[in-house]
Amino acid sequence: MEAIINFIQDTGFYMIGAEGDWKSIVMILISFVLMYLAIVKKFEPLLLLPISFGMLATNLPGAEMYHEILFAGGHINWELFGGQPMTAQLLSELSDAGVSEAILSAYPVGTTITTGLIDVLYLGVKLGVYPCLIFMGVGSMTDFGPLIANPKSLLLGAAAQLGIFMTFVGCRLMGFTAQEASSVGIIGGADGPTAIFVTTRLAPELLGPIAVAAYSYMALVPVIQPPIMRLLTTKAERKIVMKPLREVSKREKIVFPIVVTVFVALLVPSAAPLIACLMLGNLFKESGVVERLTKTAGNELMNIVTIFLGLSVGATATATTFLSAQTLQILVMGVVAFGFGTAGGVLLAKIMNLFLKEKINPLIGSAGVSAVPMAARVSQVEGQKANPGNFLLMHAMGPNVAGVIGSAIAAGVLMALFG
């Protein structure tokens with residue numbers, strides 16, 4: 001009978017009832033909503049689905065797959081990974097580092113932790129491995145030809161990073177620390193791996209809500225951008241037809257990733273891991289001599305890392321950290337970041353037209369927010385609504401891929417300033 005009672009008390013059903021853990025129930029319901037958005041609405045399903053499932057797994061009482069205390073205080077507490085009991089000194093250090101009492105109270109002195117599956121997978125996020133490998137895959141599938149053919153589009157990609165810095169200022173005014181404001185602002189780069197890379201270094205406690213916001217809003221680019229694009233442009237501007245881009249030589253495509261890696265790594269060393277992996281993947285593609293590596297980087301490797309990244313990032317969205325007023329603020333500021341980023345690219349294109357003989361369709365400026373290639377497709381759709389014979393896709397791909405580089409540089413600047 002005693003064995004049966006012990007078994008019952010070890011079940012998650014009993015834990016929910018005994019502890020009245022309503023927050024875990026709320027988080028489980030939120031995970032169901034995100035699964036619905038990923039599966040039915042197809043909102044960034046490749047990452048939102050594993051993120052939502054990770055959120056479900058980490059909030060199931062008794063599952064013990066992820067332990068916040070192992071990564072509390074902004075760094076990896078390696079001694080606890082080895083099964084060492086919790087000490088009073090470590091608890092004191094974590095408390096001084098700002099770890100919440102809700103987390104610390106679950107691990108009294110003498111507690112030993114059995115490392116869970118997601119604890120191990122999350123090391124790839126915390127050490128910055130997964131975002132860089134995903135960038136390698138992105139590079140292997142990206143054509144920088146439109147950017148090389150029209151270098152002016154690099155300016156549009158840079159202007160679209162306005163959302164990052166405007167959101168940073170807004171978050172500081174709302175009371176966020178510089179590190180937290182940087183992590184929230186990077187959502188405006190519309191680049192999930194970059195947002196995760198920055199957040200794990202500057203504000204790891206916000207990783208769950210920032211990842212959910214970043215990937216949710218990336219999926220909503222076709223909803224968020226068009227009203228802003230139409231508001232800031234006239235119908236005549238949207239009808240502007242651009243000349244076909246010149247053909248870019250293979251030599252240019254091979255030299256480009258090498259030059260960009262050297263320049264960006266010297267300019268902003270903090271961004272070197274992201275840029276180097278992005279450009280290495282692109283060099284695989286453009287060199288034409290490592291077809292197997294190109295396919296592996298863009299398919300098998302990227303798919304495996306996407307699963308690990310999504311699952312482990314979702315697991316950080318525990319009830320303790322996710323259900324707070326701060327999470328709501330992050331979601332609101334994420335929309336602000338996208339809005340300012342879109343506006344920045346469009347407005348710079350309009351300003352450039354004051355000095356250019358061959359006019360730029362301002363719609364392509366909105367693609368500078370990254371979100372490859374979705375943002376470029378939005379520019380194409382809006383351009384064809386104004387002029388059915390207008391084809392802006394390849395022109396928009398220039399600012400689009402420039403936005404990937406721009407968001408990585410912006411991330412490096414923020415990490416250098418506040419890391």
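Which residues in helix 24 are buried? In this predicted model, the buried residues of helix 24 are Ala375, Ala376, Val378, Ser379, Gln380, Glu382, Gly383 and Ala386. Helix 24 covers residues 374–386, which makes 13 residues. From the first C-alpha to the last, helix 24 reaches 19 Å, close to the 18 Å expected at 1.5 Å a residue. The buried residues of helix 24 pack against three helices: helix 16 (221–232), helix 17 (235–238) and helix 25 (393–418). An α-helix has 3.6 residues a turn, so residues three or four places apart point the same way.

One of the buried residues of helix 24 is charged, and its pairing comes next. Glu382 has a relative accessibility of 4% and therefore counts as buried. The side chain of Glu382 meets that of Arg230 in a salt bridge, with 2.9 Å from N to O. Arg230 lies in helix 16 and Glu382 in helix 24, so this pair ties together parts that are 152 residues apart in sequence. Helix 16 is also among the helices against which the buried residues of helix 24 pack. Unlike Glu382, which is buried, Arg230 counts as partly exposed, at 38% relative accessibility. Lys385 joins Arg230 and Glu382 in a network of salt bridges.

The segment before helix 24 has two backbone features. Most residues other than glycine have a negative phi, and most peptide bonds are trans. Val372 and Pro373 are joined by a cis peptide bond, with omega about -10 degrees. Pro373 lies in the loop between helix 23 (325–353) and helix 24. Ser370 is placed in the loop between helix 23 and helix 24 as well. Ser370 is not a glycine, yet its phi is positive, at about 80 degrees. With 2% relative accessibility, Ser370 counts as buried.

A positive phi is also found at Glu44, again not a glycine, where the value is about 40 degrees. Glu44 sits in the loop between helix 3 (22–39) and helix 4. Is Glu44 buried or partly exposed? Its relative accessible area is 21%, and because buried means under 20%, Glu44 is classed as partly exposed. Helix 4 itself spans residues 45–58 and contains Leu49. Leu49 contributes, with Tyr36, Ile39 and Val40, to a nonpolar surface patch of about 370 Å². At 34% relative accessibility, Leu49 counts as partly exposed.

Returning to the charged residues, the structure holds 8 salt bridges. Among them is the one between Asp143 and Lys253, whose closest N and O atoms are 3.4 Å apart. What does this pair tie together? Asp143 lies in the loop between helix 9 (129–140) and helix 10 (145–149), and Lys253 lies in helix 18 (residues 250–267), so the salt bridge links parts that are 110 residues apart in sequence. Asp143 is partly exposed, at 27% relative accessibility, whereas Lys253 is buried, with a relative accessible area of 18%. Arg246 and Glu252 form another salt bridge, with 2.8 Å between the closest N and O atoms. Here Arg246 is partly exposed, with a relative accessible area of 42%, and Glu252 is partly exposed at 28%. Side chains of opposite charge can pair when their charged atoms come close.

The cysteines give another view of the interior. How many disulfides does the structure hold? The number is 0. Cys277 is in no disulfide, and the nearest cysteine sulfur, that of Cys132, is 4.6 Å away. A disulfide requires sulfur atoms within 2.5 Å, so the distance of 4.6 Å from Cys277 to Cys132 does not qualify. Cys277 is buried, with a relative accessible area of 16%. Cys171 is buried too, with a relative accessible area of 0%.

A last buried position is Thr194, which is found in helix 14 (residues 192–202). The relative accessible area of Thr194 is 1%, and Thr194 is therefore buried. Which residues does Thr194 contact, leaving aside its neighbours within four places in sequence? Thr194 is in contact with Phe135, Ile186, Leu274, Ser407, Ala408 and Ala411.

How values were computed:
Residues numbered from 1 in each chain as written. Predicted model: local features only at pLDDT ≥ 70, side-chain atom pairs only at ≥ 80, totals over all residues. Heavy atoms only, no water. Patch = residues over 30% accessible without salt bridge, like charges linked within 9 Å, V, L, I, M, F, W, Y side chains within 5 Å. Areas by Shrake-Rupley, 256 points an atom, 1.4 Å probe, with all protein chains shown as cover. Salt bridge = Lys/Arg side-chain N within 4 Å of Asp/Glu carboxyl O. Helix = DSSP H or I, 4+ residues; strand = E, 2+ residues; numbered from the N terminus. Buried < 20%, exposed > 50% of the residue type's maximum accessible area, 1.4 Å probe, protein only. Contact = heavy atoms within 4.5 Å. Expected span 1.5 Å × (residues − 1).
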